[in-house]
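Please open the model in a viewer and follow the selections below in order. Each stop names what to select and what is to be found there.

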Amino acid sequence: MDIFEKAKQLKSEIENQLPDAAEALEQFRIKYLGSKNVLKDLFNSIKEVPNERKKEFGQVVNELKQIAEEKFNSLKEKIGGEKKSSVQNNIDLTMPGDPMWKGSRHPVNIVKNEVIEIFARIGFTVAEGPEIEDEWHNFTALNTPDDHPARDMTDTFYIQQDPALVLRSQTSTVQVRVMETTKPPIRIISPGRVYRNETISYKHHVFFHQLEGLYIDHKVSFADLKQTLYYFVQEFFGEDFEIRFRPSYFPFTEPSAEMDIRKKGTDRWMEILGCGMVHPKVLQNCNINPEEFKGFAFGMGIERLAIQRFGIPDIRMLFENDVRFLRQFSNT
Ligand code: DAH
């Protein structure tokens, strides 16, 4: 057969081939474009071609090569594309999805909100104050003597740029701010973060949260304080809890007490708060006439309540933001 005729035949062969799967396409590639392809064989026959037509023959073979390449590339795209879309169509909609974690409330906030709600039921509203305070609100107005150890830098964080400012060491500051600006009757609770220069351990941290309570009116007695706190304990801990008061000392209350709770029938008392009748000096410092008004105040640590409620062994866990810890409160 004339070699030009052979080339023509190969051309129509290439053009008519329609490999429709990856495997057939690979056969096509090996046959026409592989290292031992038929076009090479054809080209090797150039010696049979008379000299004057050698150039023409070279062009014919080149054209064949080009056709084969183009066909291969377009088929590859087509077959590959179909493969992709068939994968897409193969999505199994019945497969279970990846679970997405819902955020959860922080245990300190869970407890804080519950305490707010309990006091709201008996008429206490929430008041807030700044975390960076002056010495007046953190100490002086609260009747804290100049030489009181709490004022020492080993206990309280002072702001370097302005030593008259501190990171508040107690939420009692908010008592003062409210009394300075509000006429009695006053019935507030004030939850918030406080700071102390403590050595960090499983029991202590350099910041934690307190919740302060203040009630000022014409006739407020220690019995009111007791009844209010007893109500709180029954609501928060349960009806099988009892309370006891131990005399204590705070500069801003007189008399002062600490309150312990205990599950009935057990013998372990747990201290949960400090309290007392607001000191007449504090009322005076806030321009409230102590002859006319009396009041009680109390302050408790929120972490301590959370630790007791959830059985948390180490206060540091509350501030590490480890999701494995935090996720455990998602149903609370
Ligand atoms: N501020 C006190 C503390 O940080 C707690 C406290 C005790 C608050 C007695 C009060 C109170 O309002 O009356 O230890």
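**A tour from the sheet outward**

Begin in β9, where Gly-299 is the bridge partner of Gly-274. The model is a predicted one. Here β8 and β9 pair in the antiparallel sense, over 5 bridges. On the other pairing to inspect, β5 and β9 are also antiparallel, joined over 8 bridges; within it, Gln-210 has Gly-301 of β9 as its bridge partner.

Now display the whole sheet. It is open, with 7 strands in the order β1-β4-β5-β9-β8-β7-β6, and its pairing is mixed. Its edge strands, each paired on one side only, are β1 (125-126) and β6 (241-250). Next select residues 253-263 and 270-278: these are β7 and β8, which run antiparallel and are joined by 7 bridges. Asp-260 can be found opposite Glu-271 in β8. While β7 is selected, locate Pro-255, which lies in this strand. The peptide bond leading from Glu-254 to Pro-255 is cis, with omega near 0 degrees.

**Helices on the sheet**

Select residues 107-120, helix α5, which packs on the sheet and touches β1, β4 (186-195), β5 (207-217) and β9 (294-301). The direction of α5 makes about 165 degrees with that of β4. From first C-alpha to last, the 14 residues of α5 reach 20 Å, close to the 20 Å expected at 1.5 Å a residue. Colour its buried residues: Pro-107, Val-108, Ile-110, Val-111, Val-115, Ile-118 and Phe-119. Viewed down the axis of α5, these fall within an arc of 165 degrees, so they line one face of the helix. The buried residues of α5 pack against β4, β5, α8 (222-236), β9, α10 (302-310) and α11 (323-326).

Turn then to residues 172-181, helix α7, which lies across β4, β5 and β9 and runs at about 35 degrees to β5. In the loop between α7 and β4, select Pro-185; the peptide bond from Pro-184 to Pro-185 is cis, with omega near 5 degrees.

**The nonpolar core**

Which residues have the most contacts inside the largest nonpolar core? They are Phe-232, Phe-237, Ile-272 and Phe-298, in a core of 43 residues. Centre the view on Phe-232: leaving out residues up to four places away in sequence, it touches Val-115, Ile-118, Phe-119, Phe-237, Ile-272, Met-300 and Leu-305.

**Away from the sheet**

Move to helix α1, residues 3-16, whose end C-alpha atoms are 20 Å apart, in agreement with the 20 Å that 14 residues should span at 1.5 Å a residue. Its buried residues are Ile-3, Phe-4, Ala-7, Leu-10 and Ile-14. Down the axis of α1 they fall within an arc of 115 degrees, so they line one face of the helix. Rotate to the face turned away from that buried side, which carries the exposed residues Lys-8 and Asn-16.

Next select Ile-132, in strand β2 (residues 132-134). Apart from neighbours within four places in sequence, Ile-132 is in contact with Ile-159, Leu-165, Val-166 and Leu-167.

**Two asparagines in loops**

Most residues other than glycine have a negative phi. Asn-143, in the loop between α6 (135-140) and β3 (165-167), has a positive phi of about 65 degrees. Finish at Asn-287, in the loop between α9 (280-285) and β9, where phi is positive at about 60 degrees. Is Asn-287 buried or exposed? At 71% relative accessibility, Asn-287 counts as exposed, because the cut-off for that class is over 50%.

Methods
Residues are numbered from 1 along each chain as its sequence is written. This is a predicted model: local features need pLDDT of at least 70, side-chain atom pairs count only at pLDDT 80 or more; totals for chains, interfaces and linings use all residues. Side-chain values use heavy atoms; hydrogens and water are left out. Two strands pair if DSSP finds at least two bridges between them. Helices (H or I, at least four residues) and strands (E, at least two) are DSSP runs, numbered from the N terminus. Contact means heavy atoms within 4.5 Å. Axes are lines fitted to C-alpha atoms, for helices over the stretch in contact, and angles run from 0 to 180 degrees between N-to-C directions. The expected span of a helix is 1.5 Å times one less than its number of residues. Buried means under 20% relative accessible area, exposed over 50%, partly exposed in between (1.4 Å probe, protein chains only). The arc is that of the directions from the helix axis to the C-beta atoms. A nonpolar core is a set of buried Ala, Val, Leu, Ile, Met, Phe, Trp, Tyr and Cys residues joined through side-chain atoms within 4.5 Å.
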